[in-house]
Amino acid sequence: MSSPRGYTIAVLAGDGIGPEVVAEARKAAEAAAARFGFGLSWVDYDLGADRWLRTGEALPDAVLEELRDADAILLGAVGRPDVPSGVLERGLLLRLRFELDLYVNFRPVKLYPGVASPLADVKPDDIDLLVVRENTEGVYVGAGGTVHRGGPAEAATETSIETRAGVDRVLRFAAAKARERAGRLTLVHKTNVLVHAGDLWQRAAGEVAAEAGVVLDYAHADAACLYLVTDPGRFDVIVTDNLFGDILTDLGAAIAGGLGTAASANLNPTSSPSLFEPVHGSAPDIAGTGRANPVAAVLSVSLLLDHLGEREAAAAVEAGAVAALPGAAGYSTQALGDRIATAVAGGGSPD
Ligand code: IPM
Ligand code: MN
């Protein structure tokens, strides 16, 4: 704790409940910084619906260039009903994932004590898995188009692109995570229908798992949805393509008690900066009511600190969030954030 460590965090609070939950996540991070002796400097960027409506810009090139110099990016949520669907999703969030080459979307699925799962008879230990979602390829690349739009002959294509290099690198990350845990990796795909991409993923997964010395399991995406509900304990680390990962992680969030606690990291494991965001969206229906749960954003900050190498701080932030969870629904966004920050600062429980 003697050498001063300092990090620059770019903040894209965004729309809806984004700014509300990010404010609480920052408090937790500041409490951890004070306790563990490092510094955080925050740089706010006003990207999101307002900026787009005002200027037509989702992510100006000059801002993208500035973001490259940050140590990490914290994002709240983007999207609002008065902006057409896809504009901010593609123009801001997906553009950041692609331009910064954040090829791992890392999403823990964990049922914390005191949180109710909609599944009957599950205890916290029964749901504790990681989803490693490929984050730069698949249908998300935007390859495709429309012809004869609006006419009877209209046709649209949305081409999924998978590369061996792209698949290999995310598999390697997932296999390394599996080695740190139970030594078991489950590939989720749909090889019985998507025979081309499925074949590529399956061969690559076999080779990477063998190289890493982990056991490789396989589940079709539809079956994986069923197992997540009937037998979530069968999974430890899941690796999957971009779209399957998007769908599976909403289901994962649901079985672990909802989007209020689901955190995510968009990582480039070898170059800075990576981007951290709650899995939830901007929830315009509850924006401004003080009912948003800040825990997913706080847990995203825990992933951020861990990625920066501040392991003790990351653990303290996670512990602070977890300690505040039982009965969390009775507190406002801000009151819950204060309880978490107090726990992080003092190392005790919030009560
Ligand atoms: C997510 C979101 C995004 C995705 C949207 C907002 C583009 O659903 O992070 O899971 O599809 O990846
Ligand atoms: Mn999603």
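The charged end of Arg 133 is placed over the ring of Tyr 140, 5.1 Å from the ring centre. A charge sits over a ring if NZ of Lys or CZ of Arg is within 6 Å of the ring centre and within 35 degrees of the ring normal. Arg 234 likewise lies over the face of Tyr 227, at 3.6 Å from the ring centre.

The model is predicted: local features need pLDDT of at least 70, side-chain atom pairs count only at pLDDT 80 or more, and totals for chains, interfaces and linings use all residues. Residues are numbered from 1 along each chain as its sequence is written, chains are lettered from A and ligands numbered from 1 in the order in which they are written, and side-chain values use heavy atoms, with hydrogens and water left out.

Arg 133 and Tyr 140 also belong to the surroundings of ligand 1. The other residues there are Glu 89, Leu 93, Arg 97, Arg 107 and Asp 246. Here a residue is near if one of its heavy atoms lies within 4 Å. Oxygen atoms of ligand 1 approach N or O atoms in side chains. The distance is 2.7 Å for Arg 97, 2.8 Å for Arg 107 and 2.6 Å for Tyr 140. On its own, ligand 1 has 320 Å² of accessible area, and the protein covers 77% of this. Accessible areas come from the Shrake-Rupley method with a 1.4 Å probe; for residues, only the protein chains shown count as cover.

Two aromatic pairs were counted. Rings of Phe, Tyr and Trp (its six-membered ring) pair if their centres lie within 6.5 Å; planes under 30 degrees apart count as stacked, over 60 as edge-to-face and the rest as tilted. Tyr 7 and Phe 38 meet edge-to-face, 5.8 Å centre to centre, with 75° between the planes. Tyr 7 is in strand S1 (residues 5–14) and Phe 38 in strand S2 (residues 38–44), so the pair ties together parts 31 residues apart in sequence. Both Tyr 7 and Phe 38 are buried. Buried means under 20% relative accessible area, exposed over 50%, partly exposed in between (1.4 Å probe, protein chains only).

Phe 106 and Phe 173 are also edge-to-face, at 6.0 Å and 80°. Phe 106 is in strand S4 (residues 104–110) and Phe 173 in helix H5 (residues 164–180), 67 residues apart. Phe 106 is buried, at 9% relative accessible area. Phe 173 is buried too, at 14%.

The chain has 11 helices and 12 strands. Helices (H or I, at least four residues) and strands (E, at least two) are DSSP runs, numbered from the N terminus. Of its 351 residues, 50% count as buried.

Key:
A polar contact is a pair of N or O atoms within 3.5 Å; within protein, one must be able to donate a hydrogen and the other to accept it, and residues adjacent in sequence count only if both atoms are side-chain atoms.
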